Amino acid sequence: MQDSTPKFVQEIDQGFGNIIEIKACLCDVQSDYQHIQIFETANLGKLMMLDGIIQFTEYDEYAYQEMMTHPAMMLHKNPEKVLIIGGGDGGVAREVARHQCVKQIDHCEIDGKVVEMCKKFVPGMACGFDDPRLNLHIGDGLEFVRNKVDEYDVIIVDSTDPIGPGAVLFGREFYQSVHRALKADGVVASQSESIFLYPEIVQRLYGFTRELFAYNGYAFIAVPTYPAGSIGVCLANKKYPVEKPLRELDDALASQLRYYTPEIHSAAFKLPAFAQRWFTQSK
């Protein structure tokens, strides 16, 4: 029988994208929410796509996971209770669990099939689900957080793109609920798309957080296997500016990281002139 595995997969977005060489298809299933594919690539380790959109490769996933997690965690003096919304691959949970001060991690992911497939095929990321401090909830993120009040130190929104099941996580009502769910010195970090591909989404999320929080900002992340080679995280804090960590990065944690440093934390907020103008004009 002829091998039907594609030799390449591609993601095209806004007229350009990436082509990645594939060795094998490990998973190709339709969940109740989306089309899930996991491939073994020729040079980039495992690759997951949801509805044809690249979510991660093992080659560079650490850049995204670390920057989605550690800037927010380091913007709180003692983060003990953390909520993750989305992030069904387990990568953000893995990074949150590196912080020994954390006592409880609530994790809400709408698609249990993503969790199941990542546990099976990408254990290096899904190991985050194995931490005894983590409580996994399969369900809608907005519904989960809607009635929470003053409960979390940090909320990390590791959403897919603003289509399909992730669309609700890009709305005003969701951010109002997140604000209520955070304690008085709470921090939120949200996947906020690329300044090169989706300027309107970046500006919308920046606007929501600017209205609701005392301090906010957009941090740039270099991720080679995403279209345009970049993505961003919008950070907001009820009490402190977001551009500088509030805690020291201890040696034990620093030795486990490949991208995040205190210097990267601050530098990530230094944006090109065109993006600076958006945020200056919106004030």
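**Strand pairing and helix packing in a predicted model**

Strands β10 and β12 run antiparallel and are joined by five bridges. Within this pairing, valine 188 stands opposite alanine 236 of β12. The description given here rests on a predicted model. Strand β12 is also joined to β11, by eight bridges, and these two strands likewise run antiparallel. Here glycine 217 has leucine 235 of β12 as its bridge partner.

The surroundings of β12 were examined next. This strand comprises residues 230-237, and eight of its eight residues are buried, so β12 is largely enclosed by the rest of the structure. Burial applies to both of its faces: Ser230, Gly232, Cys234 and Ala236 point one way from the strand, Ile231, Val233, Leu235 and Asn237 point the other way, and all are buried. Thus Ala236, which stands opposite valine 188, and Leu235, the bridge partner of glycine 217, belong to opposite-pointing sets of buried residues.

A further group of strands forms an open sheet, in which five strands follow the order β1-β2-β3-β4-β5 with antiparallel pairing. Strands β1 (8-13) and β5 (53-57) lie at the edges of this sheet; each has a single partner strand, so one side of each is left without a neighbour in the sheet. From one strand to the next, the twist averages 45°. Inside the order, β3 (residues 35-41) and β4 (residues 46-50) run antiparallel and are connected by five bridges. One of the residues involved is isoleucine 38, whose bridge partner in β4 is methionine 48.

Two helices illustrate how buried residues are arranged around a helix axis. An α-helix has 3.6 residues a turn, so residues three or four places apart point the same way. In helix α6 (residues 172-181), the buried residues are Phe174, Tyr175, Ser177, Val178 and Ala181. These residues cover an arc of only 155° around the axis, which puts them on the same side of α6. Their packing partners are β6 (81-86), α5 (141-146), β9 (152-158), β10 (182-191) and α7. Strand β10, one of these partners, is the strand joined to β12 by five bridges.

Helix α10 (residues 273-281) has Ala275, Trp278 and Phe279 among its buried residues. Seen down the axis of α10, the buried residues fall within an arc of 85°, so they line one face of the helix. The face turned away from this buried side carries Thr280 and Gln281, which are exposed. The buried residues of α10 pack against α7 (199-212) and β11 (215-222). Helix α7 is thus contacted by the buried residues of α10 and also by those of α6, while β11 is joined to β12 by eight bridges.

Properties of the whole chain complete the description. The protein chain contains ten helices and twelve strands. Its C-alpha trace spans about 60 × 45 × 40 Å along the principal axes. For 283 residues, a compact globule would have a radius of gyration near 19 Å; the value for the protein chain is 18 Å, which agrees. Of the 283 residues, 57% count as buried. Among contacts between residues at least 6 apart in sequence, 67% join residues at least 24 apart. The chain exposes about 12100 Å², of which carbon and sulfur atoms supply 49%.

Technical notes
Residues are numbered from 1 along each chain as its sequence is written. This is a predicted model: local features need pLDDT of at least 70, side-chain atom pairs count only at pLDDT 80 or more; totals for chains, interfaces and linings use all residues. Side-chain values use heavy atoms; hydrogens and water are left out. Two strands pair if DSSP finds at least two bridges between them. Helices (H or I, at least four residues) and strands (E, at least two) are DSSP runs, numbered from the N terminus. Axes are lines fitted to C-alpha atoms, for helices over the stretch in contact, and angles run from 0 to 180 degrees between N-to-C directions. Buried means under 20% relative accessible area, exposed over 50%, partly exposed in between (1.4 Å probe, protein chains only). The arc is that of the directions from the helix axis to the C-beta atoms. Contact means heavy atoms within 4.5 Å. The radius of gyration is taken over C-alpha atoms; the globule rule is 2.2 Å times the number of residues to the power 0.38. Accessible areas come from the Shrake-Rupley method with a 1.4 Å probe; for residues, only the protein chains shown count as cover.
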